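Explain how this protein is put together, taking its interior and its strand pairing in turn. The sequence and the model are shown below.

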Amino acid sequence: MTRRLKWVILSLGSMALLPFSHAQEVPSTSDIAFTHPILKSATKTSPFGIRKDPFRDRMSWHGGIDLGASWESMIYAPARGEVIYAGMKSGYGKMIDLKVSDGWVIRFAHMKDLAVAEGEIIESGAVLGEIGSTGRGAGPHLHLETRYRDKQYNPESIESLILFETDSD
């Protein structure tokens with residue numbers, strides 16, 4: 001009984017250490033010119049934060065949002081930036097990390113194809129690649145993360161970031 005109780009307390013304590021950035025103040029993005037939507041048409045299919053994991057059928061942390069869109073829809077850069085990673089990553093599949101300012105990185109994951117390479121400086125509106133379902137993805141969607149100094153923040157909380165033009169519902 002004592003051992004189990006300690007485990008439960010440790011588990012709850014560990015949950016308190018999860019990066020609940022959606023409840024915290026978001027660092028300024030005033031130095032970033034978000035001038036282009038990431039997708040033309042999409043629907044939010046999974047929220048930021050604690051959610052039911054579609055693969056494990058239990059609650060788990062989801063450090064971004066999922067935007068459902070049709071196969072091969074183009075994904076666009078929302079701002080000028082440097083591609084600091086472009087390739088495969090476990091769980092994320094084909095993905096891109098775009099550094100849009102000192103400290104801010106936007107992650108685009110589960111892509112079918114990548115249209116940019118690591119080290120490239122790209123302009124707002126540049127095509128990054130296509131919607132896919134690589135990695136741990138269930139159907140065509142974009143997993144989108146916004147990170148400041150490697151801490152995840154809810155993309156919907158980023159002032160002036162345009163996720164998509166129209167809802168595909």
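**A buried strand and its surroundings**

Eight of the eleven residues of β8 are buried, so this strand is largely enclosed by the rest of the structure. The model is a predicted one, and β8 is a useful place from which to read it.

The overall layout comes next. The protein contains one helix and 13 strands. Read from the N terminus, the helix comes before the strands, in the order α-β-β-β-β-β-β-β-β-β-β-β-β-β. Contacts that span long stretches of sequence are well represented: of those between residues at least 6 apart in the chain, 64% join residues at least 24 apart.

Which strands pair with β8? One of them is β7, which runs antiparallel to β8 over five bridges. In this pairing Ile96 stands opposite Phe108 of β8. The β7 and β8 hairpin has four residues between its strands, and Gly103 there adopts a positive phi near 105°. A second partner is β11, also antiparallel, joined to β8 by six bridges. Here Val105 has Arg147 of β11 as its bridge partner. With β10, β8 forms three bridges, again in the antiparallel sense. Leu114 stands opposite Gly129 of β10 in that pairing.

The interior can be described through its nonpolar residues. In soluble globular proteins, nonpolar side chains tend to be buried together. In this model the largest nonpolar core has 31 residues, and those with the most contacts inside it are Ile38, Leu39, Ile75, Phe108, Leu128, Leu142 and Leu144. Six strands each supply at least two residues of this core: β1 (39-46), β4 (65-68), β7 (93-99), β8 (104-114), β10 (127-131) and β11 (141-148). The greatest contribution is that of β8, with four residues. The strands that pair with β8, namely β7, β11 and β10, are thus also listed among the contributors to the core.

Leu39 shows what one of these well-connected core positions touches. Leaving aside residues up to four places away in sequence, Leu39 is in contact with Leu67, Ala69, Met74, Ile75, Ile131, Leu142, Leu163, Phe164 and Glu165. Two of these neighbours, Ile75 and Leu142, are themselves among the residues with the most contacts inside the core.

Totals for the whole protein complete the description. Of its 169 residues, 44% count as buried. The accessible surface comes to about 9,100 Å², and carbon and sulfur atoms account for 54% of that area.

Methods:
Residues numbered from 1 in each chain as written. Predicted model: local features only at pLDDT ≥ 70, side-chain atom pairs only at ≥ 80, totals over all residues. Heavy atoms only, no water. Core = buried A, V, L, I, M, F, W, Y, C linked by side-chain atoms within 4.5 Å. Buried < 20%, exposed > 50% of the residue type's maximum accessible area, 1.4 Å probe, protein only. Contact = heavy atoms within 4.5 Å. Pairing = 2+ DSSP bridges. Areas by Shrake-Rupley, 256 points an atom, 1.4 Å probe, with all protein chains shown as cover.
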